[in-house]
Amino acid sequence: MEDSTIISLFLERSEQAIEELDHKYGPAVRKTLANILSDRLDVEECMNDTYMRVWNSVPPHRPDPLAGYVCRIARNLAVNRYHADRAEKRDGRYDLVLDELEECIPSGADVETEVEAKELTAAIDRFLESLKREDRFLFVRRYWYADSVTDLAELTKSNPGRISVRLFRIREKLRKKLEKDGFSV
């Protein structure tokens, strides 16, 4: 079913909209959630919360593309759940993803105002636009969707070692670019 048809079902407040959304994007949403959360029950709960958020936000929104909209809601819910569950302890594979980026992105303590945070976001966006398509794909899949290096290697028909090296080089470029733009790491 086309995204526009699914959105029309949401606008009509038809419960079939959730079924069609799950049919079309359920696997991608589950994978995004599972990459961040290790508990199957947390994944299922966030899945339900994701669909509820989409239900409550369409209308008034008419997301385009629908896949990115749904996965973004799911990812944000998963990250919030992850941090809430691990407020006192650090473990899990998502910590590894965060640790990898920690060396090249300024900490929240250094970014004191919302304006500085927006400037950092804009600088990262410009950096991503400057990357080759495949490097941008790897960066977003690793650091937004938290895909494993092994999954990325399979997606790009490469080997995990090569992917790890490419991600390291991309992070180094980002760190240098941010330092050049005046952000302290």
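The paragraphs below lead through a predicted model of a protein chain, from its overall make-up to its helix contacts, its aromatic side chains and some unusual backbone sites.

The protein chain is built with nine helices and zero strands, and its elements, read along the sequence, follow the pattern α-α-α-α-α-α-α-α-α. Of its 185 residues, 41% count as buried. When contacts between residues at least 6 apart in sequence are considered, 61% of them join residues at least 24 apart.

A good place to begin is helix α9, which spans residues 160–180. Helix α7, covering residues 133–143, packs with α9 at an angle of about 95°, and the two axes are 10 Å apart. Because an angle from 65 to 115 degrees counts as roughly perpendicular, α7 and α9 are described as roughly perpendicular to each other. On the α7 side the contact is made by E134, D135, L138, F139, R142 and Y143, while on the α9 side it is made by I163, R166, L167, I170, R171 and L174. Sorted by class, the residues in this contact of α7 with α9 comprise seven nonpolar, no polar and five charged.

Helix α9 also packs with α8, which runs over residues 149–156. Here the angle is about 105° and the axes are 8 Å apart, so α8 and α9 are likewise roughly perpendicular to each other. The residues that meet are V149, L152, A153 and T156 in α8 and P160, I163, S164 and L167 in α9. Their division by class is six nonpolar, two polar and no charged. I163 and L167 of α9 thus appear in the contact with α8 and also in the contact with α7.

One of the α9 residues that touch α7 is L174, and its surroundings can be described a little further. L174 has 0% relative accessibility and, because buried means under 20%, L174 counts as buried. The C-alpha atom of L174 is separated by 9.4 Å from that of A123, a residue 51 places away along the chain.

The aromatic side chains come next, and α7 takes part here as well. The structure holds three aromatic pairs, and ring pairs link F127, F139 and Y143 into a cluster. F139 and Y143 are also among the α7 residues that make the contact with α9, which places these two side chains both in the ring cluster and in the helix contact. Two arginines lie over aromatic rings: R75 is over the face of W144, at 3.8 Å from the ring centre, and R141 is over the face of Y145, at 4.7 Å from the ring centre.

Another arginine, R81, is placed in helix α4, whose residues are 66–85. At 17% relative accessibility R81 counts as buried, since the cut-off for that class is under 20%. Leaving aside the neighbours within four places in sequence, R81 is in contact with L37, D42, E45 and C46. Of these partners, D42, E45 and C46 carry numbers that fall in α3, which spans 40–57.

The loop between α3 and α4 deserves a careful look at its peptide bonds. A cis peptide bond joins V58 and P59, with omega about -10°, and P59 has its place in that loop. The peptide bond from D64 to P65 is also cis, with omega near 10°, and P65 likewise has its place in the loop between α3 and α4.

Finally, two residues that are not glycine have a positive phi. For R13 phi is about 65°, and this residue is found in the loop between α1, residues 3–11, and α2, residues 16–36. R13, at 35% relative accessibility, counts as partly exposed. For K157 phi is about 55°, and K157 is found in the loop between α8 and α9, the two helices whose axes are 8 Å apart where they pack. With a relative accessible area of 76%, K157 is exposed, because that class takes in values over 50%.

Notes:
Residues are numbered from 1 along each chain as its sequence is written. This is a predicted model: local features need pLDDT of at least 70, side-chain atom pairs count only at pLDDT 80 or more; totals for chains, interfaces and linings use all residues. Side-chain values use heavy atoms; hydrogens and water are left out. Helices (H or I, at least four residues) and strands (E, at least two) are DSSP runs, numbered from the N terminus. Buried means under 20% relative accessible area, exposed over 50%, partly exposed in between (1.4 Å probe, protein chains only). Rings of Phe, Tyr and Trp (its six-membered ring) pair if their centres lie within 6.5 Å; planes under 30 degrees apart count as stacked, over 60 as edge-to-face and the rest as tilted. A charge sits over a ring if NZ of Lys or CZ of Arg is within 6 Å of the ring centre and within 35 degrees of the ring normal. Axes are lines fitted to C-alpha atoms, for helices over the stretch in contact, and angles run from 0 to 180 degrees between N-to-C directions. Angles under 35 degrees count as roughly parallel, over 145 as roughly antiparallel, 65 to 115 as roughly perpendicular and the rest as oblique. Contact means heavy atoms within 4.5 Å. Ala, Val, Leu, Ile, Met, Phe, Trp, Tyr, Cys and Pro count as nonpolar, Asp, Glu, Lys and Arg as charged, and the others, Gly among them, as polar.
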